[in-house]
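Me: Please select one part of this structure and examine it closely. I would like to understand what surrounds it and how the neighbouring elements are arranged.

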Amino acid sequence: MIIKKREVPYRILQLQALVKRLPAGHPKIQEINEQLSKRLAGYKSEKAVDYQLNGALEKEVIILNDLRLKDSEKYFQIDSIIVSESYIILLEIKNIKGTIYFDSNFHQLIRSLDGIETAFQDPVTQSLRHKEQMKNWLKKHNIYNIPIIPIVVISNSNTLIRTSPNNSHQLSDMIVNSHFLPTKLKKIHHSYKQPILSVKDTKKLIRLIKRGHTEEKNSVIESLSIDKGDILKGVICPKCSSMQMRRIYGSWLCRKCNHKEKNLHFNSIEDYCLLFGAEITNLKLRDFLCIRSVVLATRMLKSAAISSKGSTRDRVYTLSIKSKK
């Protein structure tokens, strides 16, 4: 049973908002589109693995996706965690095309595609590190002795996986192609029959994992060194993508294509949240939406914000993202 579904990663939403709100000729636009394309491909591959998991496990097994937990001083991210009374499985999902070679001597992954070789971080080493971090995280919560099984899932079923003969046995236990994942998980499930945790403690562990998850929300503008002044302001027309929307009699009207819609400002408010952070004032909203009315901005903020603080004049509103589908 899946109790934490996979959502569109926050960084993808940030990059999508950034692409919409930068001029077409911006010097960073190609880099941003490349990052976005790569992350979308990774997300698509993870969703494909979710499809393989659907119905493949026993009903008492719990799946949590997209987790970011803190081990002492460092955060670590896990694509999927499978929890039972007898074991924990950590899935590291990789979307890599071509022929991949696991080099155990230099701890790297070498991909050959269209005659070009590219080196990647070794996902096996990464997965083993996550195992140790998960073990330490469990110790912090007084949970010991439950087996932790790391698995690297190659999501592209056409990828050719290779390694040296003396490394093949070890890797065959850790690396699977996505189409074989259900079989692999069933074998693990039938190999670990002895319960380590009670039903009560298992439910407690799942609550702890969900509570321990912290989503990464670093500024995409700062990480890509984008000048805030480059961000285009206004409400975007969903039909022609122009910034020529104007508020007229309770609706937004595009002066370029005459498209009319009532609540388009909510999309722009989410863009602000993704690009500049969750806190906003009436003045900042008016500046971003290119509107003048304080009363209108207040009404919009009361509809969009999840909380507010401060006096009427200096009130700060907290926004949230609702479009993570």
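**A helix and the sheets around it**

Reply: Helix H3, which comprises residues 123-140, lies across E5, E6 and E7 and runs at about 10 degrees to E7. The model described here is a predicted one. The strands that H3 lies across serve as the starting point.

These strands belong to an open sheet of four strands, ordered E7-E6-E5-E9, in which the pairing is mixed. Strand E7 (116-121) and strand E9 (160-163) occupy the edges; each has a single partner strand, so one side of each is left without a neighbour in the sheet. On average, and with direction ignored, neighbouring strands in this sheet are turned by 25 degrees against each other. Within the sheet, strand E5 (residues 99-103) and strand E6 (residues 108-113) run antiparallel and are joined by five bridges. One pair can be named: Arg111 in E6 is the bridge partner of Ile100.

A further sheet must now be introduced. It is open, has six strands in the order E1-E2-E3-E4-E8-E10, and also shows mixed pairing. Its edge strands are strand E1 (2-4) and strand E10 (175-177), each of which pairs on one side only. From one strand to the next, the twist averages 35 degrees.

How do strands E4 and E8 run relative to each other, parallel or antiparallel? Strand E4 (residues 88-94) and strand E8 (residues 148-154) run parallel, and seven bridges join them. Along this pairing, Leu91 stands opposite Ile151 in E8, and Glu92 stands opposite Val152 in E8.

H3 packs on this sheet as well, where the helix touches strand E2 (62-71), strand E3 (74-83), E4, E8 and E10. The direction of H3 makes about 145 degrees with that of E8. Helix H5 also packs on the sheet, touching E3, E4, E8 and E10, and its direction makes about 170 degrees with that of E8.

Strand E4, which both helices touch, deserves a closer look. On its other side, E4 pairs with E3 in the antiparallel sense over four bridges. E3 and E4 form a hairpin, with four residues between them. In this pairing, Val83 stands opposite Ile88 in E4.

Are the residues of E4 buried or exposed? The strand is mostly covered, for seven of its seven residues are buried. In a regular strand, side chains alternate between the two faces of the sheet. In E4, Ile88, Leu90, Glu92 and Lys94 point one way, while Ile89, Leu91 and Ile93 point the other way, and all are buried. The buried set thus includes Glu92 and Lys94 in addition to the Ile and Leu residues.

A single residue of helix H5 (residues 181-191) links several of these elements, namely Leu185. Leu185 has a relative accessible area of 0% and is buried, because that value is under the 20% limit for the term. With neighbours within four places in sequence left aside, Leu185 is in contact with Leu53, Leu57, Ile82, Ile89 and Ile151. Of these contacts, Ile89 is one of the E4 residues that point the same way as Leu91 and Ile93, and Ile151 is the residue of E8 that Leu91 stands opposite. By contrast, the C-alpha atoms of Leu185 and Gly42 are separated by 22 Å, the two residues being 143 residues apart along the chain.

A second residue provides a further view of E4. Glu46 is located in helix H2 (residues 29-53). Its relative accessible area is 12%, which means that Glu46 is buried under the 20% limit. Beyond its neighbours within four places in sequence, Glu46 is in contact with Arg6, Asp66, Asp79 and Ile93. Ile93 is among the buried residues of E4.

The wider setting may be stated briefly. The protein contains 10 helices and 16 strands, and its C-alpha trace spans about 70 × 55 × 35 Å along the principal axes. Of its 325 residues, 44% are buried. Among the contacts with a separation of 6 or more, 61% are between residues 24 or more positions apart. The accessible surface comes to about 18,300 Å², and carbon and sulfur atoms account for 49% of it. Finally, there are 55 positive and 31 negative side chains, and the centres of the two sets lie 8 Å apart.

Key:
Residues numbered from 1 in each chain as written. Predicted model: local features only at pLDDT ≥ 70, side-chain atom pairs only at ≥ 80, totals over all residues. Heavy atoms only, no water. Pairing = 2+ DSSP bridges. Helix = DSSP H or I, 4+ residues; strand = E, 2+ residues; numbered from the N terminus. Axes fitted to C-alpha atoms, helices over the stretch in contact; angles between N-to-C directions. Contact = heavy atoms within 4.5 Å. Buried < 20%, exposed > 50% of the residue type's maximum accessible area, 1.4 Å probe, protein only. Areas by Shrake-Rupley, 256 points an atom, 1.4 Å probe, with all protein chains shown as cover. Lys, Arg positive; Asp, Glu negative; His and termini not counted. Charge placed at Lys NZ, Arg CZ, Asp CG, Glu CD.
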